[in-house]
Each structure stands twice: as C-alpha cells, then as structure tokens.
Amino acid sequence: MLQCIFLLSDSGEVILEKQLTGHRVDRSICNWFWDHTNSQPNSYKQQPVIASPTHYLFQVCREGITFLACTQVEMPPLMAIEFLCRVADVINGYLGGLNEDSIKDNFVIVYELLDEMIDNGFPLTTEPNILQEMIAPPNIVSKVLSVVTGNSSNVSDTLPGSTASCVPWRTADPKYANNEVYVDLVEQMDATINRDGVLVKCEINGEVQVNSHITGLPDLTLSFANPSILDDVRFHPCVRFRPWESNQILSFVPPDGQFKLMNYRVRKLKSTPIYVKPQLTSDGGICRLNVMVGMRNDPGKTVDSVNVQFQLPPCILSADLTSTHGTVNILSNKTCTWSIGRIPKDKAPSMSGTLVLETGLERLHVFPTFQVDFRIMGVALSGLQIDKLDLKTVPYRFYKGFRALTRAGEFEVRS
Amino acid sequence: MAPPPPQSNRSPSPSQPSGKSEVSDLKLQLRQLAGSRAPGTDDSKRDLFKKVISNMTIGIDVSSLFGEMVMCSATSDIVLKKMCYLYVGNYAKVNPDLALLTINFLQRDCKDQDPMIRGLALRSLCSLRVANLVEYLVGPLGSGLKDNNSYVRTVAVIGVLKLYHISATTCIDADFPETLKHLMLNDQDTQVVANCLSALQEIWTLESTTSEEAARERENLHSKPYVYYFLNRIKEFSEWAQCLVMELVAKYIPSDNSEIFDIMNLLEDRLQHANGAVVLATTKVFLHLTLSMADVHQQVYERIKAPLLTQVSSGSPEQSYAILSHLHLLVMRAPYIFSSDYKHFYCQYNEPSYVKKLKLEMLTAVANESNTYEIVTELCEYAANVDIPIARESIRAVGKIALQQYDVNAIVDRLLQFLEMEKDYVTSEALVLVKDLLRKYPQWSQDCIAVVGNISSNNVQEPKAKAALIWMLGEYSQDMHDAPYVLESLVENWDEEHSAEVRLHLLTAVMKCFFKRPPETQKALGAALAAGLADFHQDVHDRALFYYRLLQYNVSVAESVVNPPKQAVSVFADTQSSEVKDRIFDEFNSLSVVYQKPSYMFTDKEHRGTLEFSDELGNLSINAETGDSVVPAQRVEENDKDLLLSTTEKDDVRDPGSNGSAYNAPSYNGSVPSATSQPLADLAFSSTGATGQAPAPGLAIDDLLGLDFSVGTATTPSPPPLTLNPKAVLDPGTFQQKWRQLPISLSEEYSLSPLGIASLVTPNALLRHMQSHSIQCIASGGQSPNFKFFFFAQKAEEASIYLVECIINTSSAKSQIKIKADDQSSSQAFSTLFQSALSKFGLP
C-alpha cells in the first residue's frame with residue numbers, strides 16, 4: 001500500500017505531490033532522497049528500492065523525471081515498481097512525452113489521472129483505454145473541439161461503459177471509417193562476445209506490437225508459422241490462454257489503439273548479423289587500438305544506424321583515433337563514440353589509433369567493453385514469422401499491415 | 001497590476017512567483033468571481049484555480065484562500081470541481097472549522113445526477129479526514145455503497161476504510177464492515193469486490209486485537225469458500241486486484257493434493273501475464289502450496305523459471321532488479337535447477353553495481369561440474385573490469401567456486417594468473433583466495449608457492465592480503481627458499497605496520513618458520529617477540545607474551561601448539577544461516593527479499609508493536625543497510641554489529657579484539673585437537689586475557705569460559721544489598737511490552753566523570769562496562785552529544801526485572817535516568833547500583 005507519490009524534476013525539485021492515505025508524508029522526504037541519491041556512487045543512484053529513516057522509497061526514473069513512492073508497510077516491491085512504471089507510461093501517453101514543463105503545464109490532468117489510478121494507496125484503473133474515457137487527453141483534437149463547442153472541459157460527460165463490461169481493456173464501442181490492424185514484430189538482440197571473440201550469449205527479446213482501429217467488438221486470431229522457436233512468452237491480459245496452450249494461436253479482443261500484445265524470448269541464437277573485432281596491444285606506455293566492423297551473415301536487408309561506443313579506462317591520458325568510415329567522437333568523460341551509419345558493401349570499416357597511458361604504466365590492465373548499436377528494418381532476426389491474422393465476429397473488411405524490425409539491445413564486445 | 005513579488009524564503013526556486021502579495025492578489029480575484037454569474041466566469045475561475053493549485057504544488061501555503069475557494073466552488077464544471085476537491089482535500093485537515101463549509105456542497109454533489117461527480121464528491125468527502133466531521137460521512141457513504149453505478153460503489157468502499165481510519169467506532173457502529181462483506185460476496189463489479197477485500201482485510205486486522213469476531217472474520221477470509229469464490233472470478237479482476245487475491249490464496253491451506261493441483265492449473269496462465277507483479281504473486285502461491293510435496297515443488301521451480309527469466313530480460317531496469325532479487329533467493333535455495341541457465345546471470349557492461357553483485361552471487365551458486373569452466377572464464381573477464389569493487393567481487397567469486405568444486409585444476413591456474421596481473425587489488429584478492437584454497441587443498445601447495453614466492457611483500461599493501469601472504473610464508477616456509485629473510489625484513493619494519501591483524505600473523509608466522517628452519521629464523525624471532533612485547537596493541541602484546549612464555553616453558557610443547565599437524569578444512573562456515581533464508585522465503589514477494597533479510601530485522605514500529613525508542617532502533621537498522629546493498633555475508637555481520645538487538649548474546653560469542661574474519665570459521669570449539677593452529681592460539685591467548693591483564697577484552701571472554709568475574713567487580717567498595725543476575729536474558733519484544741506496562745518508578749539525573757565521557761566515543765565500551773556490572777543493554781543509539789541507551793537487569797535468584805532508559809549528554813556530562821521495575825520497592829537500591837556502575841565507567 002503506497003502512502004504518497006512525488007514527481008521530482010532532474011534538479012530534485014518537487015513537481016507534484018499526491019498524498020494517498022491519512023498518513024501524511026512530509027515533503028522533507030524528497031530532500032532526504034535527493035541528498036541520499038547524490039551521495040551514492042554513480043552506479044547506485046538508480047537503486048529502485050531504498051530505505052529512508054522513516055519510509056521505504058520506490059523510484060522509477062523516466063526522461064529525467066523521478067517517480068517516487070513512499071510506504072511504511074510491507075508490500076510486494078514489484079507491485080509498487082510496476083505501478084510507477086504504469087503511471088509513467090500513462091502520463092507519457094497523455095502528454096505526448098515526459099518533461100518538467102509539460103507536467104507543470106498539465107498538472108491538473110496528472111492529478112486527475114493519479115486520482116483514478118490509485119485510491120487509498122491501492123492501484124485501481126491503469127488501462128489507458130479506460131482512463132482516456134474518463135479524462136480526455138490534452139491533444140489538439142480536444143483543443144479544437146473545445147474552441148468550436150465552447151465546452152472546454154477535458155472530462156467526458158459519461159462514465160466509461162466498460163468499467164462494467166467483460167472486456168475491461170476496451171472502449172465500449174469505437175467507430176471507424178477505415179478498419180485497420182497493424183502488427184509489428186520488434187526485436188532486440190542481446191549478445192555478449194568475450195575477449196577471445198566467442199559468442200558467449202545471444203538471445204532475442206521480442207515484442208508483438210499491435211495498433212488496431214476496428215469498429216465494434218472484434219475478435220482477432222493471430223498465428224505464427226514457427227511458434228516452436230519461442231522459448232517463453234508473456235501476454236497482454238486480452239490474450240486467451242487456452243488456444244495458445246493447445247494450438248499456439250493468439251486469440252484476443254484487442255484494446256483500441258496501440259498496445260503490446262505479447263513479449264517473447266528466443267534463446268541460443270548461433271550468430272549475430274555483424275561482427276566487431278577489437279584489438280589492443282600495449283607496450284611502453286602506448287596502446288594501439290584497432291577495431292574492425294563488418295557484416296557476418298547478410299540478413300538480406302541493410303544494416304544501418306551502426307554505432308560503436310566505449311568508455312576509455314581512467315588510466316588513459318589521451319587518445320588519437322581515426323576511422324576509415326564514419327566519425328569518431330571522444331567526449332570529456334572519456335566516452336568514445338564511433339558512428340558508422342550504414343556499413344558499406346565493398347569494404348569493412350575500421351577505426352585505429354593510439355592511446356597514451358598515464359605515466360608509470362607500461363601496459364593496459366583494464367580493457368574497455370564495446371557497446372554496439374544497429375538497426376535492421378524488415379527482418380525479425382529470431383526468424384519468427386507471422387502466418388495469418390483473422391477477424392471473427394465483425395463482418396467488416398479490414399486492412400492488415402505487418403512490419404518487422406530488429407535492433408541491438410545489450411550488444412557488447414569485450415576486449 | 002501587482003507589484004513584482006518580493007522573494008519569500010519559502011519559495012524553493014527564484015523563478016517561481018511567490019509570496020504574500022501573490023496570494024492576497026489571488027484572494028481578491030477569487031472574491032470578485034465568487035458571486036458572479038456572467039458568462040465566461042468558469043473560464044476565469046479555472047485559470048485562477050490553476051494558479052492556486054500550482055502554488056500549492058510548489059509548496060507555497062495557500063491555505064488562507066480556503067474560504068474564497070469554497071465560495072467559488074458552486075459550479076457545474078467538473079474540472080473546476082476536481083480542482084476544488086483537490087484543494088479542499090489538501091487543506092481541510094489544517095482548517096477543520098472551514099472544512100465544515102465544504103461539507104454542504106460536497107454532500108449536495110454526492111446526490112448529483114452524474115455518477116462521476118457522485119463518485120468524486122464522495123471520494124473528496126472521505127479524504128477531508130477531519131475527525132469532527134465524521135457524522136456527515138455516514139449518510140453519503142451508506143447511499144454510495146448502494147449506488148447503482150459501480151464507480152460510485154468502488155469509491156464508497158474505499159471511503160469506508162478512510163472513515164475507519166478517522167473514527168473506527170463510527171465505522172463499526174454504522175455496521176459498514178458487514179455491508180462490505182455482503183458487497184464483497186455479491187457485487188457484480190470485480191473492482192468493487194477487490195476494494196471490499198482490501199478494505200476488510202485492513203479493518204479486520206486492526207480490529208482483531210480487540211474484537212474476537214473480527215479476528216474470526218479475518219481467519220475466515222483464508223477459508224475454502226472465500227478462496228474459491230475469489231479464484232473462480234480471478235480472470236475478471238484487474239491485474240492489481242489479482243495480486244491481492246493471490247496474497248490471500250498463498251495463505252490458504254488446501255485440504256488435499258488434488259485441491260493443490262486444481263488451484264495450480266487454474267492459475268497457471270497467470271504466469272504468462274504481462275504484469276510482473278501478477279507473475280510474482282502467482283509464483284508465491286505455487287511455491288507455498290507445494291512446500292510439503294518435494295517433487296512437485298521441484299517441478300514448480302522448473303515451471304516458474306522461464307517466466308521469471310523473461311521478466312528479468314524484458315522489463316525496465318527497475319522491474320528487472322525487483323525480479324532479480326527474487327530470483328536470487330530462488331537460486332540460492334535450489335541452485336541446481338538453474339545450473340543450465342547460468343548465462344542469464346552474466347553481467348552486462350552498463351548494469352548498475354547492485355545488479356552485478358546479485359548476478360555474481362548467483363553465478364557462484366549455480367556453478368557445478370558441467371558449467372564451471374564457462375562461468376570461471378566469464379568471471380575472469382570481469383577481473384579486468386573498470387568497476388573495481390565488481391572486479392574484486394568477481395575474483396572472490398572465482399575463489400568461492402574453487403572452494404566448492406572438486407575439480408579445481410583450471411581454477412587454480414586462473415587464480416595464479418591473477419597474481420601475475422600486477423594490479424594491486426587483483427593481487428590482494430587473489431592472495432587471500434590462494435590462502436583459503438591452500439587450507440582446503442594442501443596438495444596444491446607446490447604450484448601456488450612457486451608463484452606466491454615471486455610476489456614481493458612490498459607490493460602488497462592491503463592488510464588482509466598481507467596477512468594472507470605472511471600466513472603462507474609461515475606455513476610453507478620449508479618450501480619457500482627465502483621465507484625467513486622475507487619475514488625478517490617484515491619484522492624490521494614492524495613499526496611501519498599499522499594493521500594489528502598483520503602484526504599478529506607476523507608473530508605466528510615467525511614462530512612457525514622458527515620451528516622449521518631454526519638457525520635462519522632465530523634472529524627474526526627474537527626481534528619479533530621483542531617488538532610484540534613492546535606493542536601498544538593489546539592482542540599483539542598478549543600473543544607475543546604468550547609465545548615468549550611458551551618457549552620458555554618448553555620448546556617442544558610450543559611447537560605442538562604453533563605447528564600442529566593440520567587437516568584440510570572441508571567446509572567453510574556459511575555466512576547466512578539457513579534459518580534466515582527460510583524466513584525470507586516465507587516472505588516471498590515482499591520487501592524482505594530485496595533487502596535479503598526477514599522483515600523482523602528491518603520493519604519499523606507500526607508493524608512490530610510501538611515503543612518510544614523504536615524510532616531510534618529503526619534508524620539504526622536502516623543505516624546499516626543503506627550503505628552497502630547486497631553482499632549477504634557482510635550484511636549479516638553488519639547487522640549484528642549495528643542493529644544492537646540483543647547485544648548480550650552477541651558479545652558473549654564474539655571476541656571483541658579479533659578483527660580478522662578469515663579465521664572465525666572453526667574457532668571457539670574449545671576442544672584441544674582443533675583443526676588449525678590459529679584458533680588454538682586465539683584460545684590460548686584468551687586465557688591469558690582472563691588472568692586479568694586485559695580488562696576490556698577479557699570480560700567478554702569470561703563468560704565464554706564460564707568464569708564469573710563480573711559479580712565480583714559489581715560488588716566493589718560498599719557492597720549494596722542488591723545483587724544482580726549476571727546472565728539476565730530478555731528479548732526485545734518483552735522489553736517493549738514491559739516498558740509500556742510499567743510506570744516510571746524513579747527518574748534521576750547523575751553526572752558522569754570526564755573520563756567516562758571521553759570513553760564514550762564508542763558506545764560499545766559503555767555497553768561492555770555495564771555488562772560487567774550485570775546490567776545488560778538491549779538497544780542503543782544517538783549521535784554525539786546525545787546518546788540513548790536502554791538497559792535491563794534482573795535480580796539474582798528472582799525473576800524481578802529492572803528496565804532503564806539512560807540519556808547521556810556528553811557536552812554537559814549529565815545522564816538522565818528513568819527506571820522502571822517489577823519490584824518497585826527495590827528500585828532505589830537498583831538506582832544506587834546503576835549509578836555506582838555508571839560512575840566507574842572510564843576509570844582505569
């Protein structure tokens with residue numbers, strides 16, 4: 001049971017405060033929190049659960065805004081964290097992006113949202129569809145409407161019908177001139193390549209994102225050509241469990257608009273689309289660095305937004321790096337970024353140069369880890385393929401669209 | 001136009017408009033609008049309200065506008081209403097008189113046509129939280145509970161809970177709990193049902209201390225009909241309500257196995273839920289249901305593994321951390337189940353350190369014959385990590401794996417490579433590990449000694465590592481060619497060695513070396529004993545003296561004491577007891593898991609029974625855990641030191657002088673054929689202490705050896721008629737209870753000797769001192785100049801207990817004492833005793 005929620009700006013100022021129970025949490029807790037976090041070493045700053053002298057604090061940080069919740073009672077920590085994440089998502093969706101100014105401009109809406117999302121410390125309605133029926137988002141449409149009709153209230157006059165419906169995530173009866181459903185496979189590849197160039201770990205975390213605009217109460221089924229490759233899945237509450245269990249078919253009544261239908265995980269992939277080969281040799285206080293990047297298994301589509309980033313160890317005084325393709329940037333905090341963009345077909349790009357070690361140090365003992373970023377449009381690297389999407393119960397024709405995208409998640413190469 | 005507002009010190013940032021003039025300006029404008037019915041009033045009102053609320057949000061006190069706000073609240077605009085409710089809710093508590101003004105319009109709104117307004121008004125009405133307004137709540141709540149709109153009912157149910165917190169009797173008298181119960185079992189809307197459940201749980205739990213019926217009702221919630229009722233509707237509940245129901249189900253005890261399987265089948269798909277909280281709550285249900293069925297429990301682990309791992313890798317960093325903490329607990333309980341998933345615990349470069357630490361521990365735990373090679377390879381890569389604490393941690397992890405595996409060939413090679421890495425901290429950690437490894441696998445000594453011999457002792461700075469190196473020099477002096485000379489040069493630099501631990505080890509090592517290579521070491525031994533005898537550190541001095549006398553007495557006996565034949569250590573003591581782990585497991589899906597300690601170790605007063613000093617207790621325990629977050633080994637120790645709960649028992653067991661943890665494993669078994677030489681030496685040393693040379697550390701040992709010195713010292717010059725039981729025992733719970741029950745029988749102020757004040761730099765000294773006078777400390781806290789202690793003592797031969805609260809102010813050298821006693825008549829005598837004990841504190 002949460003007792004209070006604060007929204008803090010990136011300078012620690014309280015943007016918003018929402019007391020939830022009779023026990024009033026004093027604002028001074030925010031000062032304690034801010035001092036505490038700043039006194040911690042960097043890697044402890046974002047610790048999600050903190051014990052203060054008077055309360056247990058949960059923090060979730062999004063775009064510089066800290067969502068801070070306080071409680072004094074034992075409770076499932078994940079519930080608090082999940083809820084804060086949900087609050088962040090909902091506010092983000094309402095305001096079209098999170099920042100201090102947009103929250104300050106719309107704090108009445110944020111208060112209204114929190115009012116409906118949590119009562120007396122217990123989460124209530126967190127489904128965006130339903131919330132939007134209770135509190136209209138401050139978008140351009142409603143602004144235009146309010147000018148035209150003279151009714152500037154951003155609260156709808158009627159109560160959402162679906163609070164009592166059996167499909168609690170869906171608006172009661174949306175109407176569209178064009179019925180359409182878009183299904184996107186968005187995958188992230190996490191990979192670790194060790195010092196010897198061996199792929200020690202490679203897996204894909206994917207999402208099936210659906211954007212549905214269909215009149216009435218549609219019942220959709222989505223099936224995959226090769227569901228057996230999925231190692232584990234988790235679903236939006238709308239997915240019926242039995243059809244998946246028996247036939248690996250996703251059968252669901254979708255919420256209106258954009259939502260995440262399913263998450264999945266594919267383990268034990270054998271290869272990565274590109275290779276990154278760093279080489280470091282050091283002697284006599286100088287370290288030579290050479291990094292090669294190239295295509296390994298051509299996925300059939302272009303690999304773009306390739307980016308290699310690494311942190312120079314603190315013992316390095318200066319670095320002089322040049323690349324055959326793309327640009328190299330070294331920031332004052334010793335973060336080095338090599339932006340390659342698209343890998344050229346004919347020649348593999350490389351970056352090389354020298355690093356000067358601090359005096360007295362002969363050889364390098366601490367080696368950087370290279371974090372690689374890339375994006376491939378049109379391919380789901382896990383190999384997952386959508387077989388078909390059908391619409392039951394509603395006799396409309398509708399437009400279906402499928403897309404796929406893979407990007408690098410935690411893709412790191414050690415040296 | 002208002003003049004530019006003067007800067008008020010209340011304003012948190014200079015850019016915010018603030019100050020009195022702004023507020024009074026708003027007041028004026030609100031007043032003008034209050035009675036106006038002109039078109040467009042609502043819009044200007046809305047702007048004004050926004051200003052007021054934004055001021056309130058920034059932290060400016062706008063409570064002076066209360067009256068005006070209420071006057072403006074007559075409106076049909078729902079946004080205005082909401083803002084007004086928000087304002088009223090925020091300030092009603094400080095303006096109870098003015099709050100009465102709002103009752104009227106709120107009550108009217110509770111009868112509005114629009115269910116949304118009815119709901120909002122009811123919620124605000126209940127959120128006023130003004131005690132003398134409760135009579136106005138009962139009516140609207142009653143009709144709210146019967147409202148035909150579910151939104152209003154949802155709000156009303158929570159309203160009942162709010163009412164209960166303002167005035168429990170009003171709530172009970174209106175028979176609301178009964179109504180809620182009826183709603184819970186009959187309402188169509190699951191949100192109403194869920195709210196009823198959470199409200200009733202809270203109300204009945206609080207009521208159950210006084211009312212048996214409430215206690216029975218609360219128990220009933222865990223009974224079959226209720227649990228089945230909720231389970232049958234589980235899919236209709238919102239995700240949060242599902243968590244609530246799962247909590248309930250986890251406490252349900254099914255009558256037979258088929259019931260267990262039914263429940264698990266029903267809930268299985270919850271493991272696939274997108275909300276991690278639901279997944280974890282389900283996991284808890286599964287684990288608890290199957291506790292009694294070993295094989296099914298096993299299968300449950302297999303089943304929950306994949307969903308939890310998915311949650312870890314697909315959620316936000318915050319969610320991952322919470323899940324990972326729980327996974328950590330499961331891995332520690334059943335490492336073999338996760339042994340094939342070790343790759344999930346590989347650390348990513350940019351993960352925060354607290355996550356890496358968890359993962360390192362898990363990697364250590366899951367290592368077995370099949371995956372050790374990969375895991376150790378991975379861990380070795382972390383040793384070159386930029387993050388030095390993690391690099392250290394990973395080397396330690398390699399060592400731990402080496403100690404728990406049978407085939408350590410490859411690992412020893414790796415460790416020896418660490419020694420050659422020429423990085424200070426790597427060498428240090430590796431040295432400590434090699435030492436532990438040699439204690440377990442003496443057969444590796446040849447390989448290790450070859451490498452260790454090449455390390456120059458000048459390059460090793462950290463005390464622990466230096467001690468390890470010296471230990472090896474002593475232990476394997478016959479194999480290391482220049483051991484005596486290295487030791488000799490170390491002895492020459494005796495004065496520059498700041499760590500007592502290192503000096504202690506040096507003494508022992510020189511002794512060992514002497515028995516193996518007497519002619520080469522004789523000079524070093526003489527120098528070491530001389531330096532040791534002149535040492536200002538008590539332990540070092542005592543050990544030197546002991547060795548000296550032992551040698552004088554009989555050299556061969558000395559050899560058998562210092563250099564006995566050793567057995568390999570098979571098991572190093574586990575740092576976190578399995579009992580503690582079990583307790584944490586019982587509290588799965590709670591904060592306990594994140595903190596890695598059961599809730600009784602960290603939750604505060606409200607949930608363990610109140611007491612005045614529990615605040616300080618809470619502070620103490622929290623300080624202990626905020627600093628470092630995860631390593632259980634350290635934490636438990638810190639806990640012991642800092643929590644100060646039951647210091648009595650702890651001090652009995654712990655030799656206050658010994659600061660090396662390397663040897664605390666097998667020591668204190670007291671029997672003569674001890675496994676290693678070190679504990680023996682420790683023991684022998686402690687008996688020298690007990691002969692009276694070292695008063696402070698000796699006292700703790702008195703108890704250990706069963707010698708009763710304390711009573712003697714307590715009855716010094718004029719023996720008071722009262723004698724105390726030197727071994728009084730009282731657990732903190734009883735103390736709290738007694739402290740609440742007993743009246744204060746004496747309250748006095750003493751002054752303290754300046755010497756005592758000076759010794760109070762470490763409060764522990766006072767605790768030990770008082771303990772020697774048979775007065776035990778149960779809790780202490782505070783910071784200079786104010787310290788607070790709670791003591792207790794027991795009459796010898798009687799159960800009568802004395803409780804003392806003692807506040808010491810070091811700047812005024814005064815102590816304020818409050819005594820409570822079972823036997824009031826003797827409290828004066830006890831006070832004299834206490835005073836005499838306190839006055840002797842710090843005197844030589």
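## Report on a two-chain predicted model

Chain B contains 42 helices and five strands. The model described here is predicted, and every value below is computed from it. Chain A, by contrast, has seven helices and 23 strands.

### The two chains

The following table sets out values for each chain.

| Property | Chain A | Chain B |
|---|---|---|
| Residues that count as buried | 57% of 415 residues | 57% of 844 residues |
| Accessible surface | about 17200 Å² | about 34800 Å² |
| Part of that surface from carbon and sulfur atoms | 49% | 53% |
| Contacts joining residues at least 24 apart, among those at least 6 apart in sequence | 69% | 66% |

Along its principal axes, the C-alpha atoms of chain A fill a box of roughly 75 × 55 × 45 Å.

### The contact between the chains

Chain A contributes 95 residues to the contact, and chain B contributes 108 residues. The area buried between chain A and chain B is about 8700 Å², with carbon and sulfur atoms giving 53% of this area. On the chain A side, the residues that lose the most area to chain B are Tyr56(A), Leu78(A) and Arg234(A); together they account for 8% of what that side buries.

One residue of chain B that touches chain A is Glu239(B), whose contacts include Arg86(A), Thr126(A) and Glu127(A). Glu239(B) lies in helix α14 of chain B. Because its relative accessibility is 9%, below the cut-off of 20%, Glu239(B) counts as buried. Within chain B, Glu239(B) also touches His273(B), Asn275(B) and Val278(B), leaving aside residues up to four places away in sequence. With Asn275(B) there is a polar contact of 2.7 Å between the side chains. A distant point of chain B gives a sense of scale: Val557(B) is 318 residues from Glu239(B) along the chain, and their C-alpha atoms are separated by 73 Å.

### Helices α16 and α13 of chain B

Asn275(B), the partner of Glu239(B) in that polar contact, also caps the N-terminal end of α16(B). In this cap, a side-chain oxygen of Asn275(B) lies 2.8 Å from the backbone nitrogen of Ala277(B). Helix α16 of chain B covers residues 276-289 and has 14 residues. At 1.5 Å a residue, these should span 20 Å, and the end C-alpha atoms are 20 Å apart, so the expected and the computed lengths agree. The helix is mostly covered, as 14 of its 14 residues are buried.

Helix α13 of chain B runs over residues 224-232, and its buried residues include Tyr226(B), Val227(B), Tyr229(B), Phe230(B) and Leu231(B). Which helices help to cover the buried residues of α13(B)? Among them are α10 (176-186), α11 (190-207) and α12 (212-221) of chain B, as well as α14 (239-251) and α15 (257-267). Helix α14 is also the one that holds Glu239(B).

### Cysteines

A search of the whole structure finds zero disulfides over all chains. Cys243(B) is accordingly in no disulfide, and the nearest cysteine sulfur, that of Cys85(A), is 14 Å away. Cys243(B) has a relative accessibility of 4% and therefore counts as buried. Cys806(B) is likewise buried, with a relative accessible area of 0%.

### Loops of chain A

Most residues other than glycine have a negative phi. Two residues of chain A depart from this pattern. Glu63(A) has a phi near 50°, a positive value in a residue other than glycine. Glu63(A) is found in the loop between β4 (56-62) and β5 (65-71) of chain A. Its relative accessible area is 63%, so Glu63(A) is exposed. Lys334(A) has a positive phi as well, near 65°. The place of Lys334(A) is in the loop between β18 (327-330) and β19 (335-341) of chain A. Is Lys334(A) buried or partly exposed? With a relative accessibility of 25%, Lys334(A) counts as partly exposed.

A further loop of chain A, between β15 (286-295) and β16 (303-311), holds Gly300(A). Gly300(A) is exposed, with a relative accessible area of 64%. Although Gly300(A) and Val379(A) are 79 residues apart in sequence, their C-alpha atoms are 8.3 Å apart in space.

Technical notes
Residues are numbered from 1 along each chain as its sequence is written. Chains are lettered from A and ligands numbered from 1 in the order in which they are written. This is a predicted model: local features need pLDDT of at least 70, side-chain atom pairs count only at pLDDT 80 or more; totals for chains, interfaces and linings use all residues. Side-chain values use heavy atoms; hydrogens and water are left out. Helices (H or I, at least four residues) and strands (E, at least two) are DSSP runs, numbered from the N terminus. The expected span of a helix is 1.5 Å times one less than its number of residues. Buried means under 20% relative accessible area, exposed over 50%, partly exposed in between (1.4 Å probe, protein chains only). A polar contact is a pair of N or O atoms within 3.5 Å; within protein, one must be able to donate a hydrogen and the other to accept it, and residues adjacent in sequence count only if both atoms are side-chain atoms. A disulfide is a pair of cysteine sulfur atoms within 2.5 Å. Contact means heavy atoms within 4.5 Å. Accessible areas come from the Shrake-Rupley method with a 1.4 Å probe; for residues, only the protein chains shown count as cover. Buried area is the accessible area (1.4 Å probe) that two parts lose on being put together, summed over both.
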